Amino acid sequence: MPEITLFDLSSKPKNFCWSYNPWKTRLQLNYKGINYKTEWLEYPEVAPKFKSLGLEPNPQDVNPTPYSIPTVIFHSDNKAIMDSKAIAEEIEKRYPTPTLPIDTPTREKLGENFKVVAGSLVPELVARVPRVLLNPTSREYFERTRAERFGMPLEEYEKKEGGEQAWDKAEKGLEAIAGMLKEKGGPFLDGSQVSFADFQVVGLLRFMEILHQSLYERITKTYPEFGKLYDASKQWLERDNH
């Protein structure tokens with residue numbers, strides 16, 4: 001019997017892990033070889049499901065979405081946790097081997113640079129999600145709620161804020177992270193020891209690769225260190241659909 005249920009977002013034409021945030025949790029579960037199962041949810045199903053589990057909504061200053069993916073249930077005591085960082089800490093506490101360092105100086109150093117990259121590329125990525133990945137129910141929800149968040153339809157946001165200007169804004173962060181990967185010889189941010197910080201980067205790379213191969217290649221061809229990190233993590237990307 002699975003020890004953990006991971007809640008993940010549905011997709012078309014079949015369910016598989018695509019979103020950056022649940023990839024962080026799935027990578028950790030795969031790395032540790034934990035027996036888990038996936039329950040797939042369409043976007044409008046997320047809040048009702050998690051309310052039924054008794055979860056408190058995310059603080060608005062932390063996450064503007066009250067109920068979010070990933071969320072897990074630990075079946076040994078039916079404890080449910082939302083938020084990838086909190087989940088990572090609980091998994092590490094319950095399953096300490098093989099070790100996956102969570103709060104490290106490297107992750108702290110990665111933080112601002114990663115925010116620059118991910119934040120800058122939102123206009124280049126977000127409008128692709130409903131076009132490429134979402135079923136009709138989720139597509140309507142996603143386009144409506146993101147238009148409210150950005151103050152305009154996603155296609156307009158993409159045209160207005162995406163393209164080369166988005167990549168230009170991301171460049172400083174990409175250069176800094178590539179430098180971090182070089183600093184300790186790779187393939188991981190701390191050299192030969194993989195950590196949760198690596199899974200943050202790998203999750204984003206996988207998300208971009210799924211949206212369009214050219215997005216992934218734009219980073220890995222310019223900064224080969226990202227490709228080396230991704231290749232070193234491929235064994236933990238294999239399980240993506242159950």
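**Close-up 1. Aromatic pairs, with Tyr223 and Phe226 as the example.** This predicted model holds 12 aromatic pairs. One of them brings together Tyr223 and Phe226, edge-to-face, with 6.1 Å from centre to centre and 70 degrees between the planes. Are these two rings buried or exposed? Tyr223 counts as buried because its relative accessibility is 12%, under the 20% cut-off. Phe226 is buried too, at 3% relative accessibility.

**Close-up 2. An aromatic cluster built from four residues.** Zoom in on Tyr31, Phe188, Phe199 and Trp236, and you have one aromatic cluster. Tyr31 belongs to α1, which runs over 20-32, while Phe199 sits in α9, spanning 196-211.

**Close-up 3. Two arginines parked over rings.** Here Arg239 puts its charged end over the ring of Tyr36, 3.7 Å from the centre. In the other panel, Arg94 lies over the face of Phe74, and the distance to the ring centre is 4.2 Å. Arg94 is also where α3 (84-94) ends.

**Close-up 4. The cavity and its greasy-side-only wall.** The structure holds 1 cavity of 30 Å³ or more, with about 60 Å³ of space inside. What lines this cavity? The wall is made by Phe114, Val117, Leu174, Ile177, Val201, Leu204, Leu205, Met208, Ile219 and Phe226. Sorted by type, that is 10 nonpolar residues, no polar and no charged. Phe226 is thus a familiar face: the ring paired with Tyr223 is part of this lining as well. Three elements, α4 (105-125), α8 (164-183) and α9 (196-211), give two or more residues each, and α9 has the largest share with 4.

**Close-up 5. The largest pocket, with a mixed lining.** This pocket has a volume of about 1,500 Å³. Of the 46 residues around it, Tyr20, Asn21, Lys24, Asn63 and Arg149 lie nearest the centre. The lining divides into 26 nonpolar, 11 polar and 9 charged residues. Which elements supply at least two lining residues? They are α1 (20-32), α2 (43-52), α3 (84-94), α4, α6 (136-150) and α9. The largest share, 10 residues, comes from α4.

**Close-up 6. The stretch annotated in UniProt.** An unreviewed UniProt entry lists residues 9-99 as "domain: GST N-terminal". Over that stretch the chain is 37% helix and 16% strand. The C-alpha atoms at its two ends are 27 Å apart.

Methods. Residues numbered from 1 in each chain as written. Predicted model: local features only at pLDDT ≥ 70, side-chain atom pairs only at ≥ 80, totals over all residues. Heavy atoms only, no water. 1 Å grid on protein atoms, 1.4 Å probe; cavity = no way out; pocket = protein on both sides within 12 Å on 5 of 7 lines; lining within 4 Å. Points joined across faces, edges and corners; volume = space filled by probe spheres on them. Nonpolar A, V, L, I, M, F, W, Y, C, P; charged D, E, K, R; others polar. UniProt positions renumbered as here; feature names shortened; annotations may be inferred. Phe/Tyr/Trp six-rings, centres within 6.5 Å; stacked < 30°, edge-to-face > 60°. Buried < 20%, exposed > 50% of the residue type's maximum accessible area, 1.4 Å probe, protein only. Lys NZ or Arg CZ within 6 Å of the ring centre and 35° of its normal.
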